[in-house]
Amino acid sequence: MTERFKVKPRRRSFLPRTGHFNILYNQDFILLLQSRINMTVSYSLEVANARFGGFSKLLFRWKGSIYRLLYKELLVFCGIYLFFSVFYRFLLSPTQQDLFERIALYCDQFTNSNFIPVTFVLGFYVSLAFNRWWGQYTSFPLPDNLMMVVSGNVHGADERGRLLRRTLMRYANLSSVLILRSISTRVHKRFPTLEHIVEAGFMTTHELKTFESLHSDFNKYWMPLTWFSNLASRAREEGRVRDDIALRLLMDELNNYRAKCSLLFHYDWISIPLVYTQVVTLAVYSFFGFCVIGRQFLNPDKGYKGQNLDMYVPVFTLLQFFFYAGWLKVGELIINPFGEDDDDFETNQLIDRNIQVSMLAVDDMYQNLAPIVKDKHWKQRYFSIPYTLSTAAETLKPAFKGSTFDMRMSAEDLEIHQPAERPVKKQYLSVNGSQGEGLDDLLQRGKGMSLPSLLEISSYPNEKEHGNISPEENTSATNNQEQEMTLIQVPVENIKGKSPD
């Protein structure tokens, strides 16, 4: 192979060297980085299908496992337990052994969960920490919505339009870098100073001077978003943003992006109350502090209750330690996911993804459309999408149309039933005393309203519509008609007798 075909190492700017940030990438260095870096452990593909022993395969993993997280504490507990066991069996006199056994029986009383509610305290604490952990992930500022709005509403295929769109998205990504640098140890190690951010291309030298010239006692992650707002207003004045509705849409998405940055800052600022963390830690440590002595196997010849067998190794106590202490470690792991644990958020990779995707969306993909052509099924009114051989069996499954679509119905369920209507006696208002005067006032105010609608309390079908009417019902209907005529005549006469005002 000739000299010109040899692969030369590539240089990237990251580490300080004579005022610049250069690093030498080669294969050995990449392998060294891969051995030291902690990445989120994903096993979604392995549990995609539920099968026999599906989760059991995950028990043999080391990276991101509970064994890696807990083995040091487990070794310490086993060492202390072994020390007291050897001390009791071989170093104490018979009298001292009797005293130790009394102390062990006394301590064993407090290993009951009724005295130290470890399960309740740990369960509530881990549940609270998990909700906080998931809330922090959903609060991560992703520029996807913002870049879509910028790409669709900041127009111009010339250099000025391209500059506006790229600058707007660079400001948005700069704000997320500043807030993540404040809360994530990984990002802070990547960008230990603002000069590193300038070298990475998120900020220019002039913008750095402007950023540092504004004095504030608080975090200034919001400054690039203010630049975004001002630049969007200038783009509206230049006509790059066509109308105020488009500008409003830009501002709304910007505020949503800023709200997530602010929420991450407050998550880092306001932690779970320290007293609660202390209570949980003390509960677990004190519980197993009593177990170290209380769960010792005593001499079975002395006939102590529950001490009939000397097994030397407290198997169930070790399992209990594994579960409870592991539960506490889970809370410790997820209480702050912006560290460098195995399952912490990969913030640096998210930063790389966000800047690359946002620039592609507003620059390379701006007005970059494929030719609009007729689709493959243009002339077919009914068509089906092909399957592969491994998925062809799914075509035999009927489409889901609702849980009651295939419900079996009996003949009684299908028969239509129409209940017979019964005539109901009408009730009318009397016109005696003050009620008559009230009716008179009602008729004066209710001009244009029919009198039967004012007089009837409830409306029912007319009795004349029914063929079979008993003599008692006919007499009642006649009395009701006479009473109705009386009710109608009285207010009408009163109205005629009154003189106009």
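Val315 is partly exposed, with 40% relative accessible area. In this predicted model, Val315 belongs to helix 13, which covers residues 315-334. Val315 is also one of the residues of a nonpolar surface patch of about 860 Å². The other members of that patch are Leu309, Met311, Tyr312, Val313, Phe316, Leu319 and Phe323. A residue needs over 30% relative accessible area to be part of a patch, and Val315, at 40%, is therefore above that cut-off.

**Annotated membrane spans**

The UniProt record, an unreviewed entry, places the feature "transmembrane region" at residues 69-91, 115-134, 275-297 and 309-327. In the model, residues 69-91 are 96% helix and 0% strand. The C-alpha atoms at the two ends of residues 69-91 are 34 Å apart. Residues 309-327 are 68% helix and 0% strand, and the end C-alpha atoms of this span lie 30 Å apart.

**The chain as a whole**

The chain contains 18 helices and 2 strands. It has 501 residues, and 32% of them count as buried. The accessible surface of the chain is about 35,000 Å², and carbon and sulfur atoms account for 58% of that surface. Among contacts with a separation of 6 or more, 71% are between residues 24 or more positions apart.

**Lys329 and its partners**

Lys329 is another residue of helix 13. Is Lys329 buried or exposed? Lys329 counts as buried because its relative accessibility is 13%, and the cut-off for buried is under 20%. Leaving aside residues up to four places away in sequence, Lys329 touches Leu69, Leu70 and Glu73. Leu69, Leu70 and Glu73 fall in the annotated span 69-91.

The side chains of Lys329 and Glu332 are joined by a polar contact of 3.2 Å. This pair also forms a salt bridge, with the closest N and O atoms 3.2 Å apart. Lys329 and Glu332 are 3 residues apart in helix 13, so about one helical turn separates them. Through salt bridges that share partners, Glu73, Lys329 and Glu332 are joined into one network.

**Salt bridges**

The whole structure has 18 salt bridges. Three of them are listed here.

| Pair | Closest N and O atoms |
|---|---|
| Asp144 and Arg353 | 2.8 Å |
| Glu238 and Arg160 | 2.7 Å |
| Lys329 and Glu332 | 3.2 Å |

What does the salt bridge between Asp144 and Arg353 tie together? Asp144 forms a salt bridge with Arg353. Asp144 lies in helix 5 (residues 144-153) and Arg353 in helix 14 (residues 347-364), so the pair ties together parts that are 209 residues apart in sequence. Asp144 is partly exposed, at 23% relative accessibility, and Arg353 is partly exposed too, with a relative accessible area of 32%.

Glu238 forms a salt bridge with Arg160. Glu238 is in the loop between helix 10 (223-237) and helix 11 (244-269), while Arg160 is in helix 6 (residues 159-183), so this pair ties together parts that are 78 residues apart in sequence. Glu238 counts as partly exposed at 38% relative accessibility. Arg160 is partly exposed as well, with a relative accessible area of 32%.

Notes. Residues are numbered from 1 along each chain as its sequence is written. This is a predicted model: local features need pLDDT of at least 70, side-chain atom pairs count only at pLDDT 80 or more; totals for chains, interfaces and linings use all residues. Side-chain values use heavy atoms; hydrogens and water are left out. UniProt positions are given in the numbering used here, feature names are shortened, and annotations may be inferred rather than shown by experiment. Helices (H or I, at least four residues) and strands (E, at least two) are DSSP runs, numbered from the N terminus. Patches are made of residues with over 30% relative accessible area and no salt bridge: like charges are joined within 9 Å, nonpolar side chains (Val, Leu, Ile, Met, Phe, Trp, Tyr) within 5 Å. Accessible areas come from the Shrake-Rupley method with a 1.4 Å probe; for residues, only the protein chains shown count as cover. A salt bridge is a side-chain nitrogen of Lys or Arg within 4 Å of a carboxyl oxygen of Asp or Glu. Buried means under 20% relative accessible area, exposed over 50%, partly exposed in between (1.4 Å probe, protein chains only). Contact means heavy atoms within 4.5 Å. A polar contact is a pair of N or O atoms within 3.5 Å; within protein, one must be able to donate a hydrogen and the other to accept it, and residues adjacent in sequence count only if both atoms are side-chain atoms.
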